Amino acid sequence: MPKPVVLLAEELSPATIEALGPDFDVRTVDGTDRAALFAALADAHAVLIRSATKMDEEAIGRAPQLKVIARAGVGLDNVDIKAATTAGVMVVNAPTSNIISAAELTCGHILSLARRVPKAAASIAAGEWKRSAFTGVELYEKTLGVIGLGRIGALVAARMQAFGMRVVAFDPYVTPQRAQQLGVELATLDELLAQSDFVTIHMPKTPETTGMISTPQLQRMKPTAYVVNVARGGLIDEAALEQALKDGEIAGAGLDVFSSEPPADTRLTGLPNVVATPHLGAATEEAQEKAGVSVARSVKLALEGDLVPDAVNVAGGVIDPFVRPGIALVEKLGQVFSGLAKSAVTSLDIEVRGELAAYDVSVYRLAALKGILSNVVSETVSYVNAPLFAEQRGIETRMTVEQESPEYRNITILRGTLADGSVLSVAGTLAGTRMVQKIVGINTYEIEVPIDRHHVVLIYKDGPGVVAIYGQKFGAAGINIEGMQVAHEQAGLALSIVTVDQRVPDEVLDEIARDVDATLVTQIEIAED
């Protein structure tokens with residue numbers, strides 16, 4: 001079997017390639033050369049990028065085998081997530097790779113503003129000695145305002161507290177208990193701006209946060225205060241900031257990010273009370289290596305058909321090891337369900353019973369939809385786009401989790417209402433220490449059949465000799481029966497699941513249906529793992 005192709009569209013650390021291991025055909029391309037990128041994407045299963053390569057709708061459309069786009073960094077501005085999701089392509093990044101580097105750069109900006117380090121260094125490099133021109137301020141007993149007390153904001157708070165700074169924070173999603181743990185006082189945004197000697201922003205860029213620091217907010221700050229942005233360009237209204245700095249409304253600013261990069265002009269960055277750096281938040285050897293290694297591990301998981309907990313377009317979350325073996329089972333139950341369904345499914349209930357009730361099993365919803373829709377839609381279905389396809393087809397899904405499971409340690413049931421008004425249910429479990437995947441119920445029939453590649457399901461009027469009739473038909477067609485189980489119902493109907501070694505020709509199934517007067521004869525083919 002040829003190895004999956006992993007495309008490196010930008011330069012990444014040797015540790016990244018090492019983390020991928022020997023199981024992939026690793027190729028390189030200049031991601032900024034669109035023609036070369038498109039050609040290389042033609043047979044790529046994964047692409048690793050940083051910030052220069054644009055994986056937009058056109059690029060994704062040139063990659064029919066693509067399963068994952070991995071951004072070795074935090075931001076995803078250069079990835080069309082909607083297009084990727086529609087194509088069933090997983091998008092992953094490295095959300096924690098640069099948090100220490102970004103926090104340390106923030107602290108560096110605060111110190112540089114307080115002691116005017118860059119301007120003093122430039123002055124002495126020019127042969128000057130102007131000590132009195134660069135008098136600064138101490139951080140001790142000053143107030144630091146942190147807007148956004150997430151991972152980076154909390155790291156900055158802890159580091160600046162070591163300088164004896166009082167820290168106040170604005171974050172609507174942080175509880176008083178969490179703030180108390182961090183030794184931080186919570187405040188409204190207006191209160192924070194009025195009190196702080198230094199303000200640092202650590203918010204995501206959204207329509208609500210874009211321009212959140214503009215003229216009204218800058219006017220609330222002390223004339224001796226400084227503002228720092230190492231998060232996202234556009235959080236500060238740059239025109240308003242430029243005017244506030246010129247008018248002396250605030251003392252200075254430290255900027256690592258800008259609305260357009262590089263900045264369109266130097267009117268703001270050239271001001272004497274601005275410390276500017278060219279988007280260096282993640283520009284450390286350690287952050288680059290952590291980002292590359294992190295996404296390389298995610299790529300391995302994705303190409304092995306596994307879910308990646310931190311994929312940005314998969315609603316999965318962290319998967320407990322106890323939950324993980326059931327994912328493949330539920331997906332196969334979905335395939336069995338779609339094979340038995342004689343009309344479109346309109347609603348689906350995923351019922352999980354037993355010890356699994358103590359865990360987060362929300363990933364089973366993705367697995368069930370992927371299994372059901374794989375044989376329904378013409379497009380490739382993945383954990384990424386299965387919910388999108390379900391929504392497009394008006395399929396409502398619900399999940400029920402209960403501890404009570406009298407017969408099995410754990411059981412998962414897919415129960416769906418079909419367009420013709422009928423209800424279909426398929427149940428399965430993992431049996432024994434080997435966790436054998438088994439079908440244990442179809443509607444009211446109780447069975448226990450290991451899931452295999454090829455099954456034929458029959459429902460017919462129970463009676464002697466019927467098994468011999470269809471057994472003879474399989475034999476005459478050269479089909480080997482590898483296993484069979486028959487379940488009976490009080491109504492006089494029997495259900496038989498026959499496990500065979502190959503696909504059964506349709507004409508053989510038609511002949512069996514006619515000879516045993518079956519109400520159902522259907523073939524179920526389970527996709528290989």
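Trainee: Where is K3 found in this predicted model?

Mentor: K3 is found in the segment that comes before β1 (5-8), and the model is a predicted one.

Trainee: Why is K3 called partly exposed?

Mentor: Its relative accessibility is 47%, and since buried means under 20% and exposed means over 50%, with partly exposed in between, K3 counts as partly exposed.

Trainee: What makes the approach of the K3 side chain to the backbone oxygen of P22 a polar contact?

Mentor: The side chain of K3 reaches that oxygen of P22 at 2.8 Å, and a polar contact is a pair of N or O atoms within 3.5 Å, one able to donate a hydrogen and the other to accept it, so the pair qualifies. Apart from residues up to four places away in sequence, K3 touches P22, D23, F24 and D25.

Trainee: What makes β8 (185-186) and β12 (274-276) edge strands?

Mentor: The open sheet has seven strands in the order β8-β7-β6-β9-β10-β11-β12, with parallel pairing. β8 and β12 each have a single partner strand, so one side of each is left without a neighbour in the sheet.

Trainee: How do you know that β7 (residues 166-170) pairs with β8?

Mentor: Pairing requires at least two bridges, and β7 and β8 are joined over two bridges in the parallel sense, so they pair. V168 has E185 in β8 as its bridge partner. Helix α7 (residues 151-161) packs on the sheet, where it touches β6, β7 and β9.

Definitions and conventions. Residues are numbered from 1 along each chain as its sequence is written. This is a predicted model: local features need pLDDT of at least 70, side-chain atom pairs count only at pLDDT 80 or more; totals for chains, interfaces and linings use all residues. Side-chain values use heavy atoms; hydrogens and water are left out. Helices (H or I, at least four residues) and strands (E, at least two) are DSSP runs, numbered from the N terminus. Buried means under 20% relative accessible area, exposed over 50%, partly exposed in between (1.4 Å probe, protein chains only). Contact means heavy atoms within 4.5 Å. Axes are lines fitted to C-alpha atoms, for helices over the stretch in contact, and angles run from 0 to 180 degrees between N-to-C directions.
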